[in-house]
Amino acid sequence: METQFQYIHSLAKRFHLYVERSEMLFKAVKELSAETLIQVTDEYWNTDSKFYPINLLRATIAKKLLEGEDVREEQVDEIKNHIRRKSRDYFSYLPEHYLQQLVDYPVKEKDMFVSWQSYWSVMHPFLYRGREKEKVRIYLEEIAKQLLIDLDVTDYKYLYGDFSGTGLIGDVRCWISLYPSEKNSPREAYQFYVNMQAHPEAGRSAGYGLREREPNIFKPVYTYKEIIRYLKELKPDILKRNKEIRSFYKYAPGRQAAEWDRFYEEGIMALSFSHLPIGDLNRYRTREELNVAAGFMAQQDPNQTWNLWLFKNANIGDVIFVARGLKTCIGIGIIRGNYYYEEVPDGYCHRRKVEWITNKMYSLRSGDLEGYKNLFRIDTFSPTKVYDFLLEKYVDQYPDLKKVFRNQSLIKSDSYLQQLEREERNRVAEDLMEYETPEKLNFWWLNANPKIWSISSCSEGQT
């Protein structure tokens, strides 16, 4: 993996220079072949597609370069201003229907180029594209898969980002995150993290979705061997912390919850999958072994074995939301026992002990949860993203459950939340006392939806 890592590192150093010294960026763009510039023009100047200001900006830059103009910072800023002013005369060569889209484009309080302030964010598709882009993504995939093997984290999966950046706004780094398979995203876990930038680093990254996060730990690394050596040092700590994080799952007790009353009375949850010749899941060390026994290829990702593997490896203390169909929750429980296998006539042999804390029902109504038509996935046992929403709705609908949820540490007490608010106010007040007030001091509000992110969970220096 050393070759792959060093290749990405060399690009990161070059792209970092382009950000630090924009004259080098524009020199590199000026040296691009006509073929590349035509490709950029074709990519961003499709007048039959929906209008986006950034597309017109990039296509116009490519056009000027093809015509032999020496494009620099001033020219990019000038084109931006013509787009902001919706200058029909400047873009008179464009088709009328496309010009009309430019004129009709809504003007908001935010500048239309707010995400493309830096010249690199505007110009990166000119220089990071084609075979080079494809090669980087192949290498990131190879490194990520090898990290899983070398670190021997069989129940972890990976995610990576390349120089295209979040939202395709460009970046000067690539990154790889390894996180537990049962989590919906890295933001819900402590991650093995590698930052491939001008000065590469590796370490432990705490997902932004964690309610109480420990600070990130990173160390400079300049070879793949150094990455492995340091991540192996951190491995016991990362595994332990992730085991202590509570996970939330959707569970379907039979078709249309047909087995729910029985399982509720017995204090268990159980899965069947009797059509798979697998027996006791304790026989398998990895999901790959389970896949083979079930008749799949080892590296396949069938939903059935994923559900089973999550069911077996969910932690004691994890929370279960019982689903009937896709829109209705009919119970909530806490896992209280390890996985066990019991031969029973009905085929529901895969079992866990559960303390069911309510069998009350909540059904999703249209408009209750923005961006969601359903509460649950179609499958049998899987992570759920909407646990905070469900807990909130249950408390609203059944106020008596508030105390039950607090006792199970599913929600924080009012006094705890008030204490956090007081501490935050005191901290802000102390910061303002230390602040050297300029002649004119402005104050700003930033509204943060607590269902999405929390400012108090961010560390100083994070973006």
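This tour proceeds through the structure by selection, from a central strand to helices, loops and aromatic groups.

The model is predicted, so local features are reported only at pLDDT of at least 70 and side-chain atom pairs only at pLDDT 80 or more, whereas totals for chains, interfaces and linings use all residues. Residues are numbered from 1 along each chain as its sequence is written, and side-chain values use heavy atoms, with hydrogens and water left out.

**The strands**

Select residues 174-180, which form strand β2. Strands (E, at least two residues) and helices (H or I, at least four) are DSSP runs numbered from the N terminus. Seven of the seven residues of β2 are buried, so the strand is largely enclosed by the rest of the structure. Here buried denotes under 20% relative accessible area, exposed over 50%, and partly exposed the range in between, with a 1.4 Å probe and protein chains only.

Add residues 156-161, strand β1, which runs antiparallel to β2 and is joined to it by six bridges. Two strands are taken as paired if DSSP finds at least two bridges between them. Within this pairing, K157 has Y179 of β2 as its bridge partner. Next, add residues 190-196, strand β3, which pairs with β2 in the antiparallel sense over five bridges. C174 is bridged to M196 in β3.

**Helix α8**

Select residues 130-150. This helix, α8, has 21 residues and reaches 30 Å from its first C-alpha to its last, close to the 30 Å expected; the expected span is 1.5 Å times one less than the number of residues. Its buried residues include E132, V136, Y139 and L148. The buried residues of α8 pack against α1 (2-20), α7 (119-127), β1, β2, β3 and α9 (224-244), where contact requires heavy atoms within 4.5 Å. After α8 comes D152, with a positive phi near 55 degrees.

**Two loop residues with positive phi**

Select K86, in the loop between α5 (73-84) and α6 (96-104). Its phi is positive, near 55 degrees, although the residue is not glycine. At 17% relative accessibility, K86 counts as buried.

Then move to F273, in the loop between β7 (268-271) and α11 (287-294). F273 is likewise a residue other than glycine with a positive phi, near 50 degrees, and at 13% relative accessibility it counts as buried.

**Aromatic pairs and charges over rings**

The structure holds 27 aromatic pairs. Rings of Phe, Tyr and Trp (its six-membered ring) pair if their centres lie within 6.5 Å; planes under 30 degrees apart are stacked, over 60 edge-to-face, and the rest tilted. Select W45 and Y93: their ring centres are 5.6 Å apart and their planes at 70 degrees, so the pair is edge-to-face. W45 lies in the loop between α3 (34-44) and α4 (53-66) and Y93 in the loop between α5 and α6, so the pair ties together parts 48 residues apart in sequence. W45 is buried at 17% relative accessibility, while Y93 is partly exposed at 36%.

Compare W260 and Y264, a tilted pair with 5.3 Å between centres and 55 degrees between planes. Both lie in helix α10 (residues 260-266), four residues apart, about one turn of the helix.

Return to Y93 and add K63, whose charged end sits over the Y93 ring, 4.4 Å from its centre. This assignment requires NZ of Lys or CZ of Arg within 6 Å of the ring centre and within 35 degrees of the ring normal. Finally, select K312, which lies over the face of W309 at 5.0 Å from the ring centre.
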